[in-house]
Amino acid sequence: MKPVAVSHRTRASDTTRSLEKYYALHAHIYDATRWAFLFGRSAILEVARSAAPAPLRILEVGCGTGRNLIQLARLFPHAQLTGVDLSAAMLNVARRKTACYGPRISLKAQSYHAPLGRTGGYDLVLCSYALSMFNPGFEAAIASARADLKYNGHFALVDFHASRWPWFTRWMQINHVRMDGQLLPLLRENFTPVIDHIRPAYGGVWDYGLFVGRKKD
Ligand SMILES: C[S@@+](CC[C@H](N)C(=O)[O-])C[C@H]1O[C@@H](n2cnc3c(N)ncnc32)[C@H](O)[C@@H]1O
């Protein structure tokens with residue numbers, strides 16, 4: 001039988017639909033549960049601040065329920081923040097939590113696979129536990145972040161890296177997360193590393209990465 005050709009676009013929209021379904025359920029318990037395994041989310045903001053002390057325009061890709069946007073708004077009181085996410089359910093939570101910041105925080109409901117193209121660009125693009133869920137599409141998201149950054153802008157990432165335990169990698173796959181160690185090498189090719197650390201979680205059940213890089217010319 002002739003193999004059925006599955007285009008990248010079809011796979012990407014299938015993934016988008018299944019992530020939307022997944023987060024329609026998880027949005028309700030997300031903030032109460034993720035502190036136990038999304039390590040390094042506060043650390044990456046401090047690290048980004050030491051690399052880029054006064055960013056005026058910040059984009060968070062895959063902003064989820066808005067936890068980082070709120071911390072960024074506090075850390076950078078003069079910054080305008082944009083969050084983009086494909087999940088309407090996650091953005092509904094984010095909208096409630098960020099309402100008190102008014103127009104300083106704007107939220108966009110869309111998949112991030114092409115640059116937003118904001119005039120003037122962003123000083124800082126943050127991806128916090130988002131790119132590991134871009135399956136497929138993390139290469140396009142990294143290229144888009146590069147295009148969305150200003151000259152000398154910074155890209156910051158905290159995310160799952162890899163696990164030496166196949167059962168854990170499989171479990172994470174069921175939860176839409178890739179743990180194949182491919183993100184950090186691609187970031188090193190696209191940005192000049194300023195901070196590049198791999199840290200163990202739960203005594204080495206998995207590793208996560210903290211990366212800040214400057215846009216290459
Ligand atoms: C694990 S959550 C991280 C949320 C937040 N950044 C945090 O640190 O808590 C991953 C988020 O990425 C979003 N996401 C996944 N693929 C995406 C895509 N292609 N475009 C935009 N958002 C995406 C999901 O909807 C989800 O809200």
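**Buried charges and ligand contacts**

Guide: A polar side-chain atom of Tyr30 lies 2.7 Å from an oxygen atom of the ligand. The model is a predicted one, in which local features need pLDDT of at least 70, side-chain atom pairs count only at pLDDT 80 or more, and totals for chains, interfaces and linings use all residues. Residues are numbered from 1 along each chain as its sequence is written, and side-chain values use heavy atoms, with hydrogens and water left out.

Visitor: Why is the approach of Tyr30 to the ligand called a polar contact?

Guide: A polar contact is a pair of N or O atoms within 3.5 Å; within protein, one must be able to donate a hydrogen and the other to accept it, and residues adjacent in sequence count only if both atoms are side-chain atoms. The Tyr30 pair, at 2.7 Å, therefore qualifies. Asp85 has a side-chain N or O atom 2.6 Å from an oxygen atom of the ligand, and for Ser128 the distance is also 2.6 Å.

Visitor: Which residues come nearest to the ligand?

Guide: They are Tyr30, Arg41, Gly62, Asp85 and Ser128, out of 21 residues around the ligand; a residue counts as near if one of its heavy atoms lies within 4 Å.

Visitor: What makes Arg41 a buried residue without a salt bridge?

Guide: Buried means under 20% relative accessible area (exposed is over 50%, partly exposed in between; 1.4 Å probe, protein chains only). A salt bridge requires a side-chain nitrogen of Lys or Arg within 4 Å of a carboxyl oxygen of Asp or Glu. For Arg41, the nearest side chain of opposite charge, Asp31, is 5.7 Å away, so no salt bridge is assigned. The Arg41 side chain does reach the backbone oxygen of Leu38 at 3.4 Å.

Visitor: How do you know that the buried residues of H3 line one face of the helix?

Guide: In H3 (residues 41-51), the buried residues are Arg41, Ile44, Leu45, Val47, Ala48 and Ala51. Seen down the helix axis, they fall within an arc of 165 degrees, so they line one face.

Visitor: Why is Asp85 said to have no salt bridge?

Guide: The nearest side chain of opposite charge, Arg95, is 9.7 Å from buried Asp85, so the salt-bridge criterion is not met. The Asp85 side chain instead has polar partners in the backbone: the nitrogen of Gly64 at 2.8 Å and the nitrogen of Ser87 at 2.8 Å.

Notes
Helix = DSSP H or I, 4+ residues; strand = E, 2+ residues; numbered from the N terminus. Arc of directions from axis to C-beta. Lys, Arg positive; Asp, Glu negative; His and termini not counted.
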